[in-house]
Amino acid sequence: MSTSNQDLLVKMITRRVLEEIYSMSTQIPVGVSNKHVHLSRKDMDALFGEGSELTPIKDLGQPGQYACAETVAVKGPRGEFGRIRVLGPLREESQVELSKTDARSIGIKAPIRESGVLDGTPGVELTGPAGSVMLEKGAIVALRHIHMTPEIAKSWGLKDKDIVDVKVNGGERAGILGNVLVRVSDKYALEMHVDTDEANACCLDNNDTVTIIKK
């Protein structure tokens, strides 16, 4: 077995073991999402050159998702962020995920949306080494959500698109986060995603745990 295949197998086994542990306690590991960009094939070509490919540098918590070496500038009416990380793989539509604080600082009113629900969202200008793209839509504040497998969802009595409340465990800013979207797929790993505003408000870091409140 090649080293890469061995590494993949170890990661899969580790994830399954952790999910078994978490499923017995309804504890969920947290992933804090900083501002980032997802690109379509068309916009990737415009920003980085025809036929360019993403360069993975770090696997993320969800299987098949990764941070890339590529970065872009994100510009709004009142400001600009430089070197914002692109996440892979490529998507059907480009999407820019910001916190409320980020959005206000560049002068846009990004709504809180589920990923991929982009109708009626504001656009921003993206600039890469090969050119710029003015998105007509795509800037959102991601609705906080939990990824989980069907097995865990079944054991917890949940299904895809359910809305739950979550308890932040202990700490100086313990509290309740409401309106948390549940996403269920056999392609997911157990993880709750919050943005930097939410993480700072609750003193949450990557791999901290939260707990679903049974209703």
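## A walk through the predicted chain

The accessible surface of the chain comes to about 11500 Å², and 52% of that area belongs to carbon and sulfur atoms. The model that the reader sees here is a predicted one, and what follows describes that model. Along the chain there are five helices and 15 strands, and of its 215 residues 45% are buried. When contacts with a separation of 6 or more are considered, 65% of them are made by residues that stand 24 or more positions apart.

We may begin with the interior. In soluble globular proteins, nonpolar side chains tend to be buried together. In this model the largest nonpolar core has 25 residues, and the members that touch the most others are V74, V124 and L126. Several elements contribute to this core, for β2 (36-40), α2, β4 (66-75), β5 (80-91) and β10 (139-142) each supply at least two of its residues, while the largest share, four residues, comes from β4. The surroundings of L126 can be followed residue by residue: leaving aside its neighbours within four places in sequence, L126 is in contact with V37, L39, L47, V72, A73, V74, V96, G131, S132, V133 and L135. Apart from this core lies another one, of 23 residues, which includes W156, V166, L177 and M192.

Helix α2 is a good place to look more closely, since this helix supplies at least two residues of the largest core. Which residues of α2 are buried? They are D43, M44, D45, L47 and F48, and what covers the buried residues of the helix includes β2, β4, β5, β8 (125-128) and β9 (131-134). An α-helix has 3.6 residues a turn, so residues three or four places apart point the same way. Just after α2 the backbone reaches G49, which takes a positive phi of about 110°.

From the same helix we can turn to charged side chains, for the structure holds ten salt bridges. In one of them, the side chains of E53 and R41 meet, with a distance of 3.6 Å from N to O. Because R41 lies in helix α2 and E53 in the loop between α2 (41-48) and β3 (56-59), this pair ties together parts that are twelve residues apart in sequence. The two partners differ in their exposure: E53, at 57% relative accessibility, counts as exposed, whereas R41, with a relative accessible area of 30%, is partly exposed.

Another salt bridge joins the side chains of R183 and D160, at 3.2 Å from N to O. Here R183 lies in strand β13 (residues 175-184) and D160 in the loop between α4 (150-155) and β12 (163-168), so the parts that the pair ties together are 23 residues apart in sequence. D160 itself is partly exposed, with a relative accessible area of 30%. This pair also belongs to a wider arrangement, in which E114, D160, K161 and R183 are linked in a network of salt bridges. K161, a member of that network, is found in the loop between α4 and β12 and is partly exposed, its relative accessible area being 43%. The backbone of K161 deserves a look as well, because its phi is near 80°, a positive value in a residue other than glycine.

A further salt bridge brings together the side chains of K159 and D162, at 3.0 Å from N to O. What is the exposure of each partner, buried or exposed? K159 is exposed, with a relative accessible area of 55%, while D162, at 16% relative accessibility, counts as buried.

Strand β5, already named as a contributor to the largest core, also holds two backbone features. P89 has its place in this strand, and a cis peptide bond joins G88 and P89, with omega at about 5°. R83 is likewise placed in strand β5, and its phi is near 55°, a positive value in a residue other than glycine. With 68% relative accessibility, R83 counts as exposed.

Finally, we come to the cysteines. How many disulfides are there? The count comes to zero. C203 is in no disulfide, because the nearest cysteine sulfur, that of C202, is 7.9 Å away, whereas a disulfide needs two cysteine sulfur atoms within 2.5 Å. C203 is partly exposed, with a relative accessible area of 44%, while C68, at 0% relative accessibility, counts as buried.

Terms used. Residues numbered from 1 in each chain as written. Predicted model: local features only at pLDDT ≥ 70, side-chain atom pairs only at ≥ 80, totals over all residues. Heavy atoms only, no water. Salt bridge = Lys/Arg side-chain N within 4 Å of Asp/Glu carboxyl O. Buried < 20%, exposed > 50% of the residue type's maximum accessible area, 1.4 Å probe, protein only. Core = buried A, V, L, I, M, F, W, Y, C linked by side-chain atoms within 4.5 Å. Contact = heavy atoms within 4.5 Å. Areas by Shrake-Rupley, 256 points an atom, 1.4 Å probe, with all protein chains shown as cover.
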